[in-house]
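Hello,

Here is the structure for your set. My notes on it follow below.

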Amino acid sequence: MSPPVALSTASVYPEPVAAGFEFAAELGYDAVELMVWGDRVSQDVAAVAKLAERHGVPVVAVHAPCLAVTQRVWGADPVVRIRRSVAAAQRLGATTVVLHPPFRWQRRYAARFADEVARAGEVAGVTVAVENMFPVVRGRVRTVPYEPGFDPTEVGHRHYTLDLSHTATAGVDALALLDRMGAGLAHVHLADGSGGHRDEHLVPGRGTQPCVEVLQRLVDSGYGGAVVAEVSTRRCRTRYERAELLARSLLFARLHLQPVEADESGGVEGAAEAASTSGGPGPEGVPEPSASREVARPTV
C-alpha cells in the first residue's frame, strides 16, 4: 500500500479552508491537512468536521497555529495552542499534529518546548511531529529565527515532519536530513524549491529538491505516514489554474509513490508502467492525463 496523499488547506490560499476540502474531493486526494490560521473556519473544529463529512475527505493532520502571523490564534500562550491542536486532531480523527520549533524571542516557551512536545505526544492516537525550518536572509544578513535552530534533529524529538521546500530554502541536503530523521519521520510536506532565500513551495518537480528520490525511499522503507502536497498557488489568477497545480502535485505523488520492481529484462515496472498508461510524463515528470480519461475539475 502506498502512503496516503493529502492536500494542505494552505495550498489553496487565498481561498478559504472550505475550498481546500472542495479541491481535495474533486481532484481525488485521500485526505486533508488542516492549516489552522486566520481563517475563522479553520479555527472552528466543529465546522471543519462538517466540511470533512460533506465532502467525504478525512482530516489526516492538523498544522498547529505556529506561524508568525498566527501567534494570537487560539490564545497567546503557545503551550495552550499545542494542546488545543492535539485536542482538535483527536476530535477530527487526525493522527498527526505538525509543529514548528519556537521563535528565538519565545524564550520561556523554548525552554519548555521539548518537554511539552514529548508530553503532548503521549496522547493516544496523535503524533506530534516537529518540522524542519530555514534561516531568514535580508540583504547580506542571515539570521536563524528559531531556538535552538531550524533543524529539529539537532535537538532530538521523537517524531518529525520533513518539508522539502524548507530544505531548499535552508540549503540542506534533503536526503541526508531524511536519514537523520530515520524512524522518527512521521509526516512529509511535498513541495519543491529553487534553493533561493524565499520559501517557495513550488509544485514538486519544478525545483532542485530530490522529490522523486525522497518518495521512492518512503516506499522502500515502508513509511507509514502521509504525504501532503503543500504548494503555493497564491499567484494563480483563476480557480482552473489553481486546480491544475494541485492536480499536478497529486499526480507527481501518485506516480512516484508506486513500488518499482526490476523485471527479468533488467527494466523496471510500477512507476514506469503508470507513466505509460497515463499518457506519458509531462514537462515536470508528471504524467499528462490520457485523452480518454476525464479529469475532475472544480466548479467555478
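Strand S9 and strand S10 (residues 226-229) run parallel and are joined by 4 bridges. This is a predicted model, and the pairing is read from its coordinates. Within this pair, His 187 has Ala 226 of S10 as its bridge partner. Between the two strands the chain passes through helix H7 (residues 211-221), and the resulting β-α-β crossover from S9 to S10 is right-handed.

S9 also pairs with strand S8 (residues 160-163): here too the strands run parallel, with 4 bridges between them. One position to look at in this pairing is Tyr 160, which stands opposite Leu 185 in S9.

How many of the residues of strand S9 are buried? The strand spans residues 185-190, and 6 of its 6 residues are buried, so by the cut-off used each has under 20% relative accessible area. In general, side chains in a regular strand alternate between the two faces of the sheet.

For the chain as a whole, the figures are:

- The chain holds 9 helices and 12 strands.
- It has 300 residues, of which 52% count as buried.
- The exposed area of the chain is about 14,100 Å², and 50% of this is supplied by carbon and sulfur atoms.
- Among contacts in the chain with a separation of 6 or more, 71% are between residues 24 or more positions apart.

If you open the file, S9 is a convenient place to start, with S8 paired to it by 4 bridges and S10 likewise by 4 bridges.

Regards

Notes. Residues numbered from 1 in each chain as written. Predicted model: local features only at pLDDT ≥ 70, side-chain atom pairs only at ≥ 80, totals over all residues. Heavy atoms only, no water. Buried < 20%, exposed > 50% of the residue type's maximum accessible area, 1.4 Å probe, protein only. Pairing = 2+ DSSP bridges. Right-handed = clockwise from strand over helix to strand, strands pointing away. Contact = heavy atoms within 4.5 Å. Areas by Shrake-Rupley, 256 points an atom, 1.4 Å probe, with all protein chains shown as cover.
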